[in-house]
Amino acid sequence: DKTIILWDVSDPQHAKPWVHPLTDHTATVRGVAYSLNGKTVATGDEDGAIILWDVANPQAPQRLGSVPANTVMVSSVAFSPDGHTLATGHIDQTVKLWDVSDPQKLVPLGRSLSGHTDTVMGVSFSPDGKTLASGEYDGTIILSDVATGKPIGTLRGHAGPVYGLAFSPDGKVLASGGFDRKVILWDVQQQSMIGGAPLADNLGI
């Protein structure tokens with residue numbers, strides 16, 4: 001419905017919206033991410049618009065910087081651990097990095113990350129911010145060096161789109177979830193599937 005809702009989950013059994021939905025997007029919202037300091041939310045939509053929101057006071061969120069719609073769908077967004085960089089995955093097989101140290105504006109950081117050959121469905125930073133994992137529609141996961149923008153590894157194990165990616169707190173393990181109903185744990189350094197098989201292959205979507 002093209003909206004973003006901030007929820008008060010202090011009582012998980014009775015979660016409720018903080019305020020009315022944010023309605024600045026004009027297309028379906030596909031990506032949402034909180035900065036680790038809890039002060040900023042990034043959102044991306046199917047028309048390519050990216051918006052940053054000041055949510056330090058969730059009862060009075062304010063729109064900050066934005067990138068206007070450009071027809072290239074944003075499928076996923078993620079903040080770096082320090083909150084200074086935003087990664088966005090796109091339908092045109094690109095991952096873009098933005099300097100958001102000043103949240104009033106998004107400044108592109110060089111070229112798109114290389115190595116992608118299909119729609120990027122999910123992105124996630126490692127805890128140290130040096131590596132970005134990105135999952136593609138064909139099931140491939142690319143590990144990229146954030147500083148150079150170049151791929152440093154490729155993980156293959158999913159038989160369909162990879163939607164969810166998350167690093168362990170120490171950055172040594174990457175968890176991935178896909179349309180194939182599989183959850184896979186990866187040894188990041190060895191770039192191999194832990195245990196040689198998916199953690200689960202019967203989960204619903």
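**Strands, turns and selected residues in a predicted model**

K2 is partly exposed, with a relative accessible area of 40%. The model discussed here is predicted. K2 lies in the segment before β1. Its backbone is notable for the sign of one angle: the phi of K2 is near 70°, a positive value in a residue other than glycine.

I5 is found in that segment before β1 too, and β1 covers residues 7-8. The relative accessibility of I5 is 33%, so I5 counts as partly exposed; the cut-off for buried is under 20%, and the cut-off for exposed is over 50%. I5 also contributes to a patch on the surface. Together with W7 and V9, I5 makes a nonpolar surface patch of about 290 Å².

Two open sheets are described next. One has 4 strands in the order β7-β8-β9-β10, and the pairing is antiparallel. Its edges are β7 (74-79) and β10 (107-108). Each edge strand has a single partner, so one side of each is left without a neighbour in the sheet. Within this sheet, β8 spans residues 85-90 and β9 spans residues 95-99. These two strands are joined by 5 bridges in the antiparallel sense. One of the residue pairs is T85 with D99, the latter in β9.

The loop between β8 and β9 holds Q93. Here again a residue other than glycine has a positive phi, with a value near 70° for Q93. Q93 has a relative accessible area of 35%, and is therefore partly exposed.

The other open sheet also consists of 4 strands, in the order β11-β12-β13-β14. Its pairing is antiparallel. β11 (120-125) and β14 (151-156) stand at the edges. Because each of them has a single partner strand, one side of each lacks a neighbour in the sheet. Neighbouring strands of this sheet are turned by 20° against each other on average, with direction ignored.

β11 pairs with β12, which covers residues 131-136. The two run antiparallel and are joined by 5 bridges. In this pairing, V120 stands opposite E136 of β12. G122 also belongs to β11. With a relative accessible area of 3%, G122 is buried, since buried means under 20%. The C-alpha atoms of G122 and P161 are separated by 9.2 Å, while the two residues are 39 residues apart along the chain. In a regular strand, side chains alternate between the two faces of the sheet.

Further along the chain, H158 sits in the loop between β14 and β15. H158 is buried, with a relative accessible area of 8%. Its side chain takes part in two polar contacts. One joins H158 to the side chain of S176 at 2.8 Å. The other joins H158 to the side chain of D180 at 3.2 Å.

S176 brings the description to the last pair of strands considered. β15 covers residues 162-167, and β16 covers residues 173-178. They run antiparallel, with 5 bridges between them. F167 has L174 as its bridge partner in β16. β15 and β16 form a hairpin, and 5 residues lie between them. In the turn, G171 has a positive phi of about 75°.

Definitions and conventions:
Residues numbered from 1 in each chain as written. Predicted model: local features only at pLDDT ≥ 70, side-chain atom pairs only at ≥ 80, totals over all residues. Heavy atoms only, no water. Patch = residues over 30% accessible without salt bridge, like charges linked within 9 Å, V, L, I, M, F, W, Y side chains within 5 Å. Areas by Shrake-Rupley, 256 points an atom, 1.4 Å probe, with all protein chains shown as cover. Salt bridge = Lys/Arg side-chain N within 4 Å of Asp/Glu carboxyl O. Buried < 20%, exposed > 50% of the residue type's maximum accessible area, 1.4 Å probe, protein only. Pairing = 2+ DSSP bridges. Axes fitted to C-alpha atoms, helices over the stretch in contact; angles between N-to-C directions. Polar contact = N/O pair within 3.5 Å; in protein donor to acceptor, adjacent residues only side chain to side chain.
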